[in-house]
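Q: Please pick one part of this model and take me through it closely. I would like to see what surrounds it and how it fits into the rest of the chain.

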Amino acid sequence: MQTYLLSQQFDTGSLAENSTACPANATICKGTSCVLPEDNFNETLSVILSTVLTIMLALVMFSMGCNVEVKKFWGHIKKPWGIFVGFLCQFGIMPLTAFLLSLVFNVLPIQAVVVLIMGCCPGGTASNVIAYWVDGDMDLSISMTTCSTLFAMGMMPLCLFVYTKIWTDSSAIVLPYDSIGISLVALIIPVSFGIYVNHRWPSKAKIILKVGSIVGAILIVLIAVVGGILYKGSWTISPKLWIIGTIFPAAGYSLGFFLARVAGMSWHRCRTVSLETGMQNTQLCSTIVQLSFTPEQLELMFTFPLIYSIFQLLFALLILGGYRLYRRHRVKTKTDVEKTEEKEDSKSASSHAKINGGFVPNETK
């Protein structure tokens, strides 16, 4: 078990009176210094919760795969226009936006680097769940998430090399390729099973999809809450990072939608590209900064991935709420118009029958 040195200043008189001045769990007590065992409770709890969340996330992605059709999914792979637009958004718009925000707000170099790391990360799996709720193209959503995670192996080092030159040496940033690989496997395997279930048992796939979509929505919120509880650092970081953490995801959603629309994509695919652009893999960003920086440096910027995660979720919920209101109003209006047209057609048919002495068709009665 690892240990750390805790220096405590004791009064000489109190030591003489009480020989048990050191904590009871001290392994070594010499003079005014005690060696205590490290408290691994939070670390253990984090590992347990991460394992549980990973399993739950795999089940959610399995359910999302139940909404994917093999022909449509393969169509996006064969004609990857949507994937290409998503690629431009993910590794073109997001890193550039991160770079510009860091310059505009003139943050510290170490803070600029973490903003850039976030901008260079691939899309997160939460976008697939939100895409389902806004009636997006699930085939495109999952193919974009898969491809962006795969492309991240090469594009993250390239983007970081290009954009971090003025602040730090990109070689100092440790990229956890094993974590990226695990994310990729955790995405591909459950989705593949879901696609197979949808192909063999479509009726059962619909039930799994409904349950999984609800569980996925709950899981997204749960991950954000757990991240806030387990984080042991200080939330009193620079206000500039709070502002960037608010603007950045909103810019990603907006610019992704705009570029998709300029590229001539349909509305439901524009919504999909928008979500895939704005929703980043914040867990991967946290892993990278933990591996790359010292505890003193982490105090200045480790909270940023969590701030981004919170605001990307809030904006996604606003998009979802706005779309649902629009859809309800649109469906209601459309239904009223159809009923009015049906009444007019019925009156027209009745008058026509009276004039010509004919019969009114059954479908107009």
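**A close look at helix H8**

A: Helix H8 has 24 residues, and from its first C-alpha to its last it reaches 35 Å, close to the 34 Å expected at 1.5 Å a residue. Please keep in mind that this is a predicted model. H8 covers residues 177–200, in a chain with 14 helices and three strands. Of the 365 residues in the chain, 41% are buried, and among contacts between residues at least 6 apart in sequence, 81% join residues at least 24 apart.

Let's begin with the buried residues of H8. They are Ile180, Leu184, Leu187, Pro190, Val191, Gly194, Ile195, Val197 and Asn198. An α-helix has 3.6 residues a turn, so residues three or four places apart point the same way. That is a handy thought to hold while following the buried positions along the helix.

Ile180 leads to a good partner to follow. With neighbours within four places in sequence left aside, methionine 156 is in contact with Ile180, and also with Cys120, Cys121, Pro122, Leu175, Leu284 and Ile288. Met156 has a notable place in the largest nonpolar core: of the 43 residues there, Met156, Ile117, Phe248 and Phe304 touch the most other members. H4, helix H5 (109–120), H7, H10, helix H12 (282–292), helix H13 (295–301) and helix H14 (304–356) each give two or more residues to this core, and its largest share, nine residues, comes from H5. A second, separate core has 24 residues, and Ile195 is one of them, together with Met61, Val134 and Met138. So much for Ile180 and Ile195, both buried residues of H8.

Ser183 opens another route out of the helix. Asparagine 281 is in contact with Ser183, as well as with Cys121, Pro122, Gly123 and Gly124, once its neighbours within four places in sequence are set aside. Asparagine 281 sits in the loop between helix H11 (267–278) and H12. Why does this loop residue count as buried? Its relative accessibility is 11%, and a residue is called buried because its relative accessible area is under 20%. Cys121 and Pro122 are contacts of asparagine 281 and of methionine 156 too.

Next, the open space beside H8. The second largest pocket has a volume of about 420 Å³. It is lined by 23 residues, of which Asn67, Glu69, Lys72, Asp137 and Asp139 are the closest to its centre. H8 is one of the elements that give two or more residues to this lining, along with helix H3 (70–78), helix H4 (81–105), helix H7 (138–163) and helix H9 (202–230). H3 provides the largest share, four residues. Sorted by class, the pocket lining holds nine nonpolar, seven polar and seven charged residues.

H4 and H7 also meet around an enclosed space. A search of the whole structure finds one cavity of 30 Å³ or more, and the largest cavity has a volume of about 60 Å³. Its lining is made of Ile83, Gly86, Phe87, Gln90, Phe91, Met144, Cys147, Ser148, Phe151 and Glu276. Two or more of these residues come from each of H4 and H7, and H4 gives the most, with five. By class, the cavity lining has six nonpolar, three polar and one charged residues.

Two loops at the ends of these helices deserve a glance. Most residues other than glycine have a negative phi. Asparagine 106, in the loop between H4 and H5, has a positive phi, near 50 degrees, and is exposed at a relative accessible area of 59%. Aspartate 135, in the loop between helix H6 (126–133) and H7, also has a positive phi, near 60 degrees. At 29% relative accessibility, aspartate 135 counts as partly exposed.

Finally, H10 makes a helpful companion to H8. Helix H10 (residues 239–262) also has 24 residues and reaches 34 Å from its first C-alpha to its last, close to the 34 Å expected. Its buried residues are Leu241, Ile244, Gly245, Phe248, Pro249, Ala251, Gly252, Tyr253, Gly256 and Ala260. Phe248 is the residue already met among those that touch the most other members of the largest nonpolar core. After H10 comes glycine 264, with a positive phi near 85 degrees.

Note on methods: Residues numbered from 1 in each chain as written. Predicted model: local features only at pLDDT ≥ 70, side-chain atom pairs only at ≥ 80, totals over all residues. Heavy atoms only, no water. Expected span 1.5 Å × (residues − 1). Buried < 20%, exposed > 50% of the residue type's maximum accessible area, 1.4 Å probe, protein only. 1 Å grid on protein atoms, 1.4 Å probe; cavity = no way out; pocket = protein on both sides within 12 Å on 5 of 7 lines; lining within 4 Å. Points joined across faces, edges and corners; volume = space filled by probe spheres on them. Nonpolar A, V, L, I, M, F, W, Y, C, P; charged D, E, K, R; others polar. Core = buried A, V, L, I, M, F, W, Y, C linked by side-chain atoms within 4.5 Å. Contact = heavy atoms within 4.5 Å.
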